[in-house]
Amino acid sequence: MGIGIYVFGQLADRIGRRRPFWATCWAPRSWSWCTPADRPDALLIGGAVMGCFVNGMLGGYGALMSELYPTVARATAQNVLFNIGRAIGGFGPLVVGAIP
């Protein structure tokens, strides 16, 4: 997680914020690498890669949102968007548990 946030921050400062943010769309693909893992070491490595992608974008949300919204609405927009994502993500365990 920490490596992903650091790398995302470095890339965002050097090449702009939008391209590294879209690169983190590989997060769902990295999840599929962990699913068939049947050995603990493969799961550990796959989980580390997935953590870099999934949490890497977390380091850039504030900077990206500050570019997209005016100063007056910035804090409200960031909080609303982040918490809507958390609310939807909270249903993840329920959905996975309901899959037969």
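Of the 100 residues of the protein chain, 17% count as buried, a class defined by under 20% relative accessible area, with exposed meaning over 50% and partly exposed in between (1.4 Å probe, protein chains only). The structure is a predicted model, in which local features need pLDDT of at least 70, side-chain atom pairs count only at pLDDT 80 or more, and totals for chains, interfaces and linings use all residues. Residues are numbered from 1 along each chain as its sequence is written, and side-chain values use heavy atoms, leaving out hydrogens and water.

The protein chain contains seven helices and zero strands, giving the pattern α-α-α-α-α-α-α along the sequence; helices (H or I, at least four residues) and strands (E, at least two) are DSSP runs numbered from the N terminus. Its C-alpha trace spans about 50 × 35 × 20 Å along the principal axes. Among contacts (heavy atoms within 4.5 Å) between residues at least 6 apart in sequence, 51% join residues at least 24 apart.

Turning to the surface, the accessible area of the protein chain is about 7300 Å², and carbon and sulfur atoms account for 70% of that; areas come from the Shrake-Rupley method with a 1.4 Å probe, and for residues only the protein chains shown count as cover. Ile-3, Tyr-6, Val-7, Leu-11 and Ile-15 make a nonpolar surface patch of about 490 Å². Such patches join nonpolar side chains (Val, Leu, Ile, Met, Phe, Trp, Tyr) within 5 Å, from residues with over 30% relative accessible area and no salt bridge, that is, no side-chain nitrogen of Lys or Arg within 4 Å of a carboxyl oxygen of Asp or Glu. Within this patch, Val-7 belongs to helix H1 (residues 2-15) and counts as partly exposed because its relative accessibility is 39%.

Methods
Patch = residues over 30% accessible without salt bridge, like charges linked within 9 Å, V, L, I, M, F, W, Y side chains within 5 Å.
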